[in-house]
Amino acid sequence: MSLEAMIWVLSGDAPVADVNEYAVLGAMADQADPDGCGTWLSKETIATRVKISEETVKRCWRNMSKRGLIARGDQSHVRHYRADRRPVVYDLLIPYDWFSNVDRINTERGRYGRAPLTPADRPPIAAAPAKKARGDKGMARPKKQTAPAPDQEAHGTGELRDPP
């Protein structure tokens, strides 16, 4: 588990477009290294954890990749899996400027044999696109058709009467 990656997502600093991306990125950050690298949860595992469909996970991955939140990582992390069962390794592209302790992060990356982070490697990420407005915004709700209550039908007037 990576505290830095989780804080990046949970603090709202990660520019996610919707709640599904937030949930998927949070699940991935939970398994990432402190620099955001090396998360390889399968779409099935993420879908089960965050209670969404596998297609939604794939759509989130596709959209986050296009916007530069995630990228394919070092696939050698999963070489111990059978070739037909290997999940894709992703890196969360946490911007360089976001890290307050980048020296510690770079020291840890050195222990893993990775090159230090630089501003060129991890540029700032653009804000998520604005959500589309609802198509029915500003329109009155349709009136519901209600049936008369059963008591009103039985007595005709709907008045309560004292028993004899």
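Arg109 is buried in this predicted model, with a relative accessible area of 11%, a value that falls under the 20% limit for a buried residue. The residue is found in helix 5, which spans residues 102-111. Leaving aside residues up to four places away in sequence, Arg109 touches Asp35, Cys37, Arg114, Ala115, Pro116, Leu117 and Arg122.

The overall architecture gives the setting for this residue. The secondary structure of the protein comes to 6 helices and 2 strands, and from the N terminus on the elements run α-α-α-α-β-β-α-α. Of the 164 residues in the protein, 32% are buried. Among contacts between residues at least 6 apart in sequence, 60% join residues at least 24 apart.

At the N-terminal end of that order, helix 1 (residues 3-10) and helix 2 (residues 19-31) have axes that come within 8 Å and cross at roughly 170 degrees. Helix 1 is therefore roughly antiparallel to helix 2, because angles over 145 degrees count as roughly antiparallel. On the helix 1 side of the contact stand Ala5, Met6, Trp8, Val9 and Leu10, and these meet Tyr22, Leu25, Gly26, Ala29 and Asp30 in helix 2. The residues of this contact divide into 8 nonpolar, 1 polar and 1 charged.

Burial in helix 1 involves Glu4, Ala5, Met6, Trp8 and Val9. What covers these buried residues includes helix 2, strand 2 (90-92) and helix 5, the last being the helix in which Arg109 is found. Helix 1 is followed by Gly12, whose phi is positive, near 90 degrees.

The largest pocket has a volume of about 150 Å³. Its lining includes Leu41, Ser42, Lys43 and Glu44, together with Trp61 and Arg72, and also Arg85, Arg86, Pro87, Val88 and Tyr90. By residue class, this lining divides into 5 nonpolar, 1 polar and 5 charged residues.

The table sets the class make-up of the helix contact beside that of the pocket lining.

| Group of residues | Nonpolar | Polar | Charged |
|---|---|---|---|
| Contact of helix 1 with helix 2 | 8 residues | 1 residue | 1 residue |
| Lining of the largest pocket | 5 residues | 1 residue | 5 residues |

For the charged residues in these two groups, the contact of helix 1 with helix 2 includes Asp30, whereas the pocket lining includes Lys43, Glu44, Arg72, Arg85 and Arg86.

Methods: Residues are numbered from 1 along each chain as its sequence is written. This is a predicted model: local features need pLDDT of at least 70, side-chain atom pairs count only at pLDDT 80 or more; totals for chains, interfaces and linings use all residues. Side-chain values use heavy atoms; hydrogens and water are left out. On a 1 Å grid over the protein atoms alone, a cavity is a set of points where a 1.4 Å probe fits but cannot get out, and a pocket is an open set with protein on both sides within 12 Å along at least five of seven lines; lining residues have an atom within 4 Å of a point. Grid points are joined across faces, edges and corners, and a volume is the space filled by probe spheres set on the points. Ala, Val, Leu, Ile, Met, Phe, Trp, Tyr, Cys and Pro count as nonpolar, Asp, Glu, Lys and Arg as charged, and the others, Gly among them, as polar. Axes are lines fitted to C-alpha atoms, for helices over the stretch in contact, and angles run from 0 to 180 degrees between N-to-C directions. Helices (H or I, at least four residues) and strands (E, at least two) are DSSP runs, numbered from the N terminus. Angles under 35 degrees count as roughly parallel, over 145 as roughly antiparallel, 65 to 115 as roughly perpendicular and the rest as oblique. Contact means heavy atoms within 4.5 Å. Buried means under 20% relative accessible area, exposed over 50%, partly exposed in between (1.4 Å probe, protein chains only).
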